[in-house]
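Trainee: I am new to this structure, and I would like a close look at a single part of it. Could you take me through one helix and its surroundings, and then show me how the rest of the chain compares in outline?

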Amino acid sequence: MNNANVHAEAAAGSVVYGDPFTAQLLALASRVARTDVTVLIGGPSGTGKEVLARYIHETSLRSTGPFVAFNCACLPESMVEDLLFGHEKGAFTGAVQRFHGYFEQADGGTLFLDEVGELPPNVQAKLLRVLQEREFTPLGSTKPQKTQFRLLAATNRNLKGDVATGRFREDLYYRLNIFPLQLKPLRERPGDIIPLARAMVSKHQYISGAMRLDDSAIAALRAYDWPGNVRELENAIQRAMVIADGSLLRAEHLGLDTGLPVENNFIPMALPVSDQPSSPDEESSDVPESLADWRISQEAELIMATLRDTPTKMAAAAKLGISERTLRYKLARLRDSGMTMVGA
């Protein structure tokens, strides 16, 4: 696909993108979405595998059906099997009513199995049978049930390597890997970074109202390596929106270690709140070392003073000119940073 055909900030359904690689990936996803072929989505953690799965569902012939997502990791085998297959009332101790498992819930729609490489071996065998026979038997039942769902799976593991070591079933791997789609790390699709950041600023404007990125923030976002991918980007944007005052997000609010000059590379640190407001010009060991530090401290002091002088959080929020939800969010972030908020 020619770069000229890629819009700088395009959105396809729930996918925000601007990089030629992502545009090509979405074109492939759109083609496979029109079929019922099983798709295996690979890529590092935090790159947006579930977002791509939802895009495939939304652009498929099953878009009016359910989209059922299940993360296969960090659950005991018995619970994974119960959630997928469901159970009848009385199937085991605590089964006080019938539970419709995800195979049944996804009938007529799409079942998305995230971290499919973490499935226990016994469940792998049972999943293979469901895919082959298109039927399953709930726990505690002897009657098989038919199901017609479209399967999408995702993993950050090298499943082919896991097959070689015996960790993952070879027959299930080939059943899943009919149409592979591989997401790159965010650093390898730099054209996505700014469109995603702007979309996140808009998504989280409940924190501090409408804001926009200034040139220094854009430069910092582009210079950073993003080891945590899109998930880390969203965390950085939310944190910056809490720290910033006014309508501009600047590099110092992001706190990214980018290698840019110091003024664009400040990593915000939470400071203890003193009993009295301090001036940034006072020469004292308690004086914050940067303007961003001072702003954090001053905002905390203003919030604390307002809470002392008003009877409720609603009244305090009104006096501060922010919503009560924004006030609660700021208080939570300040507590997480180790500040003691009197009256909060």
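Mentor: Before we begin, one term is needed: a residue counts as exposed when its relative accessible area is over 50%, as buried when that value is under 20%, and as partly exposed in between. Please also keep in mind that this is a predicted model.

Let us take helix α9, which covers residues 215–223. Within α9, the residues Ser216, Ala217, Ile218, Ala220 and Leu221 are buried. An α-helix has 3.6 residues a turn, so residues three or four places apart point the same way. The cover over the buried residues of α9 includes the helices α8 (193–203), α10 (229–243) and α11 (251–254), together with the strands β12 (212–213) and β13 (248–249).

Two of these covering helices, α8 and α10, also pack against each other, with their axes 10 Å apart and at an angle of about 45°. An angle of that kind makes α8 oblique to α10, and the crossing of the two helices is right-handed. On the α8 side the contact is made by Ile193, Leu196, Ala197, Met200, Val201 and Lys203, which meet Val230, Leu233, Glu234, Ile237 and Met241 of α10. Sorted by kind, the residues of this contact are 9 nonpolar and 2 charged, with no polar residue.

The loop between α9 and α10 holds Trp226, which counts as buried because its relative accessibility is 0%. The backbone of Trp226 deserves a look as well, since its phi is near 55°, a positive value in a residue other than glycine. Elsewhere, Arg134 has a positive phi of about 55° although it is not a glycine, and Arg134 sits in the loop between α5 and β8 (135–136).

From here we can turn to the nonpolar cores. The largest nonpolar core has 30 residues, and those with the most contacts inside it are Leu84, Phe103, Leu111 and Leu113. At least two residues of this core come from each of β4 (67–71), α3 (77–85), α4 (102–105), β7 (110–114), α5 (121–133), β10 (150–155), α6 (159–165) and α7 (170–176), and α5 gives the most to this core, with 5 residues. Looking at Phe103, and leaving out residues up to four places away in sequence, we find that it touches Leu84, Phe85, Leu111, Leu127, Val130, Phe136, Thr147 and Phe149. Apart from the largest core lies another core, of 29 residues, among them Ala220, Tyr224, Ile237 and Leu256; here Ala220 leads us back to α9, where it is one of the buried residues.

Two prolines complete the picture. Pro121 lies in helix α5 and counts as exposed because its relative accessibility is 57%; although Pro121 and Glu77 are 44 residues apart in sequence, their C-alpha atoms are 9.0 Å apart in space. Pro44, in the loop between β3 (39–42) and α2 (49–58), counts as partly exposed because its relative accessibility is 29%. Leaving aside neighbours within four places in sequence, Pro44 is in contact with Lys49, Asn156, Leu183, Pro185 and Asn229. Of these partners, Asn229 lies 185 residues away along the chain, yet the C-alpha atoms of Pro44 and Asn229 are separated by 8.1 Å.

Note on methods:
Residues are numbered from 1 along each chain as its sequence is written. This is a predicted model: local features need pLDDT of at least 70, side-chain atom pairs count only at pLDDT 80 or more; totals for chains, interfaces and linings use all residues. Side-chain values use heavy atoms; hydrogens and water are left out. Buried means under 20% relative accessible area, exposed over 50%, partly exposed in between (1.4 Å probe, protein chains only). Helices (H or I, at least four residues) and strands (E, at least two) are DSSP runs, numbered from the N terminus. Contact means heavy atoms within 4.5 Å. Axes are lines fitted to C-alpha atoms, for helices over the stretch in contact, and angles run from 0 to 180 degrees between N-to-C directions. Angles under 35 degrees count as roughly parallel, over 145 as roughly antiparallel, 65 to 115 as roughly perpendicular and the rest as oblique. A crossing is left-handed if the near helix is turned anticlockwise from the far one by less than a right angle, and right-handed if clockwise. Ala, Val, Leu, Ile, Met, Phe, Trp, Tyr, Cys and Pro count as nonpolar, Asp, Glu, Lys and Arg as charged, and the others, Gly among them, as polar. A nonpolar core is a set of buried Ala, Val, Leu, Ile, Met, Phe, Trp, Tyr and Cys residues joined through side-chain atoms within 4.5 Å.
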